[in-house]
Amino acid sequence: MTGEAGAGLFAAHKPIQSAGARLEGGSSRHPQREPSSEAAPAAAWNERRGGEEGGFAGDDARSDAENARGDAQGNIGNTRGHTGSDSLDSIGNTRTNTRHEAPLLFEVNGLTKHYPVKGAFGFTKAVIHAVDDVSFTVRQGETFGLVGESGSGKSTLGRVLIQLEQATSGRILFRGEELSQMDAAQRRAARRDMQMIFQDPYGSVNPRWTVGETIAEPFAVHERLSAPERDTRVKELLGMVGLKPEWANRYPHEFSGGQRQRIGIARAIALRPRFVLADEAVSALDVSVQAQVVNLMQELQHRLGLTYVFIAHGLNIVRHVSSRIGVMYLGKLVEIAPADELFRHPAHHYTAALIASIPWPDPARKREFISIQGEIPSPASPPAGCRFHTRCPAATARCREQEPQLVDVGGGHLAACHYPV
Ligand SMILES: Nc1ncnc2c1ncn2[C@@H]1O[C@H](COP(=O)(O)OP(=O)(O)O)[C@@H](O)[C@H]1O
Ligand code: SF4
Ligand SMILES: [Mg+2]
């Protein structure tokens, strides 16, 4: 087992404390703002987006989210019984299960991203198969989780999805429109609609800029606002992420890790996007702080009708925030299923091994600890047939020769395995 997964996927078992406790760091210098004071700015924010020409129907989005919340509540009992961890339920309580009829935000077909590795004299000496022929959909209002060992292609897939990098081949439809066919103005509008929360917002912001300047930067690129308008928007955004509006004049180093992540979230939602990619957005935070930031993200999702792709190597947290989860292995999506279904009935042997390897918090419900044998092969020369065959206990000659396709194994549960578990 390689580094990240060893430290994360199989070790993310510490209980997550209940939300609503003190703000991360608990510094009296940076006290938590009362949540109720955020309601008014959120309403104003939604109104603005609803009124935009060609804008997202904020009310529709909200009602979808509210319905979804109702659905999710039906699942809470099940989730509790299964996890054996009460503290995790503080996140599970607000998980979004999107109604099946929610429209598609992304439709991804055959997406591939290869990186040529240059040798002497500029010749290509190898090709890294970071993402290989991946197809999936993301529905409006849902949280689609992505898990897999380090190097499996999660970040690359995320970057290509939001157009930070060009795909080698394949199609991405965003709200029914193919991104590669859009003209410059359409693509600019689409990119504005897709934002990202970084793993380390401190590393990705200028330490000499105030928090207000950092949050306002997207306005300078995309919107012409007067200085007072910009200040008002920054203060609204700070309130929405649970920070004090007067902190706009402070610098990033004055904040804790969790507070900096809240600033990163404020910046990500500043342009009223429909979609937010969270790539290991909480992985670097303490477990109790993770819960608070995740709860904030879920609250914003419900209030603003956001859709998330949530990448994390901590399987527990992905389970509790995601409506559906995709499992990546060596550039391939090997399984996609509703979150609870994936954990209860994994169909791919890789997923089963990942789940079996999560340390079990309740000693009364002991599980066999199964670690995945061997190292993940090089993405420059992925194994033929099923890419997992070099590590799979159930592999046969067929697995070594014939690539399994991602097919429905029942009720919208997709798996790419010749001999599902
Ligand atoms: N810009 C790049 N150039 C070359 N190889 C890359 C680049 N970005 C990622 N890779 C490679 O692609 C594979 C997938 O990486 P990544 O998407 O970061 O995986 P993950 O996020 O699941 O850890 C890895 O082998 C990585 O080394
Ligand atoms: S296709 Fe074969 S090697 Fe791949 S996961 Fe299924 S049983 Fe294992
Ligand atoms: Mg990554």
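Helices (H or I, at least four residues) and strands (E, at least two) are DSSP runs, numbered from the N terminus, and two strands pair if DSSP finds at least two bridges between them. With that in hand, let us walk through the structure. It is a predicted model, in which local features need pLDDT of at least 70 and side-chain atom pairs count only at pLDDT 80 or more, while totals for chains, interfaces and linings use all residues. Residues are numbered from 1 along each chain as its sequence is written, and chains are lettered from A and ligands numbered from 1 in the order in which they are written.

**The antiparallel sheet**

A good place to start is the hairpin of β1 and β2, where five residues lie between the strands and phenylalanine 121 takes a positive phi near 60°. The two strands run antiparallel, and histidine 114 faces histidine 129 in β2. This hairpin belongs to an open sheet of four strands, ordered β2-β1-β4-β5, with antiparallel pairing. The edges are held by β2 and β5 (177–178), each with a single partner strand, so one side of each has no neighbour in the sheet. Between β4 and β5, leucine 173 has glutamate 178 as its bridge partner. Helix α5 packs on this sheet and touches β1, β2 and β4, its direction making about 65° with that of β2. Contact here means that the C-beta atoms of two residues, placed from the backbone, lie within 7 Å. Axes are lines fitted to C-alpha atoms, for helices over the stretch in contact, and angles run from 0 to 180 degrees between N-to-C directions.

**The mixed sheet**

Another open sheet has eight strands in the order β6-β7-β8-β3-β9-β10-β12-β11, with mixed pairing. Its edge strands, β6 (194–197) and β11 (407–408), each pair on one side only. Within this sheet, glutamate 335 stands opposite alanine 415 in β12. Helix α5 (residues 154–161) packs here too, touching β3 (143–147), β7 (275–279), β8 (307–311) and β9 (324–329), and its direction makes about 155° with that of β8.

Here are three of the strand pairs side by side.

| Strand pair | Bridges | Sense |
|---|---|---|
| β1 (residues 104–118) and β2 (residues 124–139) | Eleven bridges | antiparallel |
| β4 (residues 169–174) and β5 | Two bridges | antiparallel |
| β10 (residues 332–338) and β12 (residues 414–415) | Two bridges | antiparallel |

**A helix pair**

Helices α8 (residues 211–222) and α10 (residues 257–269) pack at about 30°, with axes 7 Å apart. They are therefore roughly parallel to each other, a label for angles under 35 degrees, whereas over 145 is roughly antiparallel, 65 to 115 roughly perpendicular and the rest oblique. Val211, Thr214, Ile215 and Pro218 in α8 meet Ile263, Ala266 and Arg267 in α10. By class, that contact has five nonpolar residues, one polar and one charged. In this scheme Ala, Val, Leu, Ile, Met, Phe, Trp, Tyr, Cys and Pro count as nonpolar, Asp, Glu, Lys and Arg as charged, and the others, Gly among them, as polar.

**The two ligand shells**

A residue is near a molecule if its C-beta atom, placed from the backbone, lies within 6 Å of it. The residues around ligand 1 include Tyr115, Ile128, Lys154, Ser155, Thr156 and Pro379. Helix α5 gives the most to this shell, with three residues. The shell of ligand 1 has four nonpolar, seven polar and one charged residues.

Ligand 2 is surrounded by 13 residues, the closest being Cys386, Cys392, Ala395, Cys399 and Cys417. The shell around ligand 2 divides into nine nonpolar, four polar and no charged residues.
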